[in-house]
Amino acid sequence: MSRARRQVFERRRPRSPRRLASRLLTGSVLLAFLVFFVLPVLWLVLAATKTDQQLVHGHPLSFGSWHAFNANWDALTAFQDNAVLKWLGNSTLYGLVSLVITLCVAVPAGYGLAMTEFRGRRTLLVSTLVVMLMPTATLVVPLFLEINAVHLIGTMWSIVLPYSFYPFGVYLTYIYFTTAVPRDLLAAARMDGCSEFGVFWHIALPLATPVVALVGFFSFVANWTNYFLPYVMLPESGQMPIQVGVGSLLSNVPSFNPAVGTLAVERPQLALATLLAITPVLAVFLFAQRFLVSGMLAGATKE
């Protein structure tokens, strides 16, 4: 029997019950993911196009109108004199400054831990790993006391500095430089007269572009979604990032706080504010997706 005829014969054969059960299980898992993850996001997007009455009494997945969307936008931006846009600007500033400092600290630190031997190196690695595994909320009180001792409470640096040292980024770059960068290549550069900084800047760093993008993405997301630390460190509304601002908006929704006055925020406007809070992270993810995939696979194999 020729190869072409054998392929046609295999296509016409009835599928085995085991194969059908496997496809059914796969479809069920995908459907569960659709229900629990995609539908809430779709509902959130559609909620911003409705009035409060449509949101409560209408179909959950129906589209409202562009007129209602524009009205929700106008009402949201009018809240406390464009407070939402100020919060977005604060989050962007805090995230970008922390990102720059994180990359300047975490990548060289991971390279130094991977390529040099010194006393206390193992202890430093274990300490980095322990700090990385600790919940963020457990460090808020010690950080508050530390920042208060240097009189930085209520300033941008009370948010930027604690998150500029990113233990996960240090450990991730340490793993990458240990497994994916050939030591012989770096040794050859040193033999050619390249300084240690030159080896890092001209050889190791260009090879580490995927993992640098990965560290940058995770650091930016951690800073953008940070809630508890800014809530404690920043007492003024004009300094809030968007995550803390959305929390304050929640307290101005009559359904959650019946004591609010005439400047109350309705639920569709709260949904629109939530979309504004997640859109920058989504945009960064889509822009850096290619680097993220290559960074996640970096160091998976070793020649």
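This is a short walk through a predicted model, one selection at a time.

**Start with the whole chain**

Show everything as a cartoon and colour by secondary structure. You should be looking at 16 helices and zero strands. The chain has 303 residues, and 33% of them are buried. Now think about which parts of the sequence touch each other: of the contacts between residues at least 6 apart in sequence, 71% join residues at least 24 apart.

**The largest pocket**

Select Val131, Thr136, Leu139, Tyr163 and Pro167. Of the 15 residues that line the largest pocket, these lie nearest its centre. The pocket has a volume of about 340 Å³. To see what frames it, colour helix H6 (121-133) along with H7, H8 and H9; these are the elements that give two or more residues to the lining. What is the lining made of, by class? There are 14 nonpolar residues, one polar and no charged ones.

**The second largest pocket**

Next, pick Leu99, Ala213, Gly216, Phe217 and Ala288. They sit nearest the centre of the second largest pocket, which has eleven lining residues. Two elements give two or more residues to this lining, helix H12 (209-224) and helix H15 (267-287). H12 gives the most, with six residues. The volume here is about 230 Å³. Sorted by class, the lining comes to nine nonpolar residues, two polar and no charged.

Keep Phe217 selected for a moment, then add Tyr166, Phe168, Phe218 and Phe285. Ring pairs link these five residues into a cluster.

**More rings**

That cluster brings up aromatic pairs in general: the model has 14 of them. Zoom to Phe63 and Trp66, whose rings are 5.6 Å apart centre to centre, with 65° between the planes, an edge-to-face pair. Show the surface around them and you'll find that Phe63 is partly exposed, at 44% relative accessibility. Trp66 has a relative accessible area of 58%, so it counts as exposed.

For a second pair, jump to Tyr171 and Tyr174. Their centres are 5.8 Å apart and their planes 45° apart, which makes the pair tilted. Why are these two about one helical turn apart? Because they are three residues apart in helix H9 (residues 167-179). Is Tyr174 buried or exposed? Tyr174 is buried, with a relative accessible area of 13%, while Tyr171 is partly exposed at 24%.

**A closed space inside**

Now clip into the interior. A search of the whole structure turns up one cavity of 30 Å³ or more, and its volume is about 60 Å³. To find it, select the lining: Ser91, Tyr94, Gly95, Ile159, Asn223, Trp224, Asn226, Pro230 and Pro241. H5 and H12 are the elements that give two or more residues to this lining, with H5 giving the most, three residues. So H12, already seen at the second largest pocket, turns up here as well. By class, the cavity lining divides into five nonpolar residues, four polar and no charged.

**Two loops with a backbone quirk**

Switch to the backbone for this stop. Most residues other than glycine have a negative phi. Go to the loop between helix H4 (66-78) and helix H5 (83-115) and select Asn82. Its phi is positive, near 60°, and it is not a glycine. Asn82 counts as partly exposed, at 32% relative accessibility.

Then move to the loop between helix H7 (140-149) and helix H8 (157-164), where you'll find His151. His151 has a positive phi too, about 60°, although it is not a glycine. At 69% relative accessibility, His151 counts as exposed.

**Last stop: the cysteines**

How many disulfides does the model have? The count is zero. Two cysteines to click on are Cys104 and Cys194. Cys104 is exposed, at 56% relative accessibility. Cys194 is partly exposed, at 28%.

Notes
Residues are numbered from 1 along each chain as its sequence is written. This is a predicted model: local features need pLDDT of at least 70, side-chain atom pairs count only at pLDDT 80 or more; totals for chains, interfaces and linings use all residues. Side-chain values use heavy atoms; hydrogens and water are left out. A disulfide is a pair of cysteine sulfur atoms within 2.5 Å. Buried means under 20% relative accessible area, exposed over 50%, partly exposed in between (1.4 Å probe, protein chains only). Rings of Phe, Tyr and Trp (its six-membered ring) pair if their centres lie within 6.5 Å; planes under 30 degrees apart count as stacked, over 60 as edge-to-face and the rest as tilted. Helices (H or I, at least four residues) and strands (E, at least two) are DSSP runs, numbered from the N terminus. On a 1 Å grid over the protein atoms alone, a cavity is a set of points where a 1.4 Å probe fits but cannot get out, and a pocket is an open set with protein on both sides within 12 Å along at least five of seven lines; lining residues have an atom within 4 Å of a point. Grid points are joined across faces, edges and corners, and a volume is the space filled by probe spheres set on the points. Ala, Val, Leu, Ile, Met, Phe, Trp, Tyr, Cys and Pro count as nonpolar, Asp, Glu, Lys and Arg as charged, and the others, Gly among them, as polar. Contact means heavy atoms within 4.5 Å.
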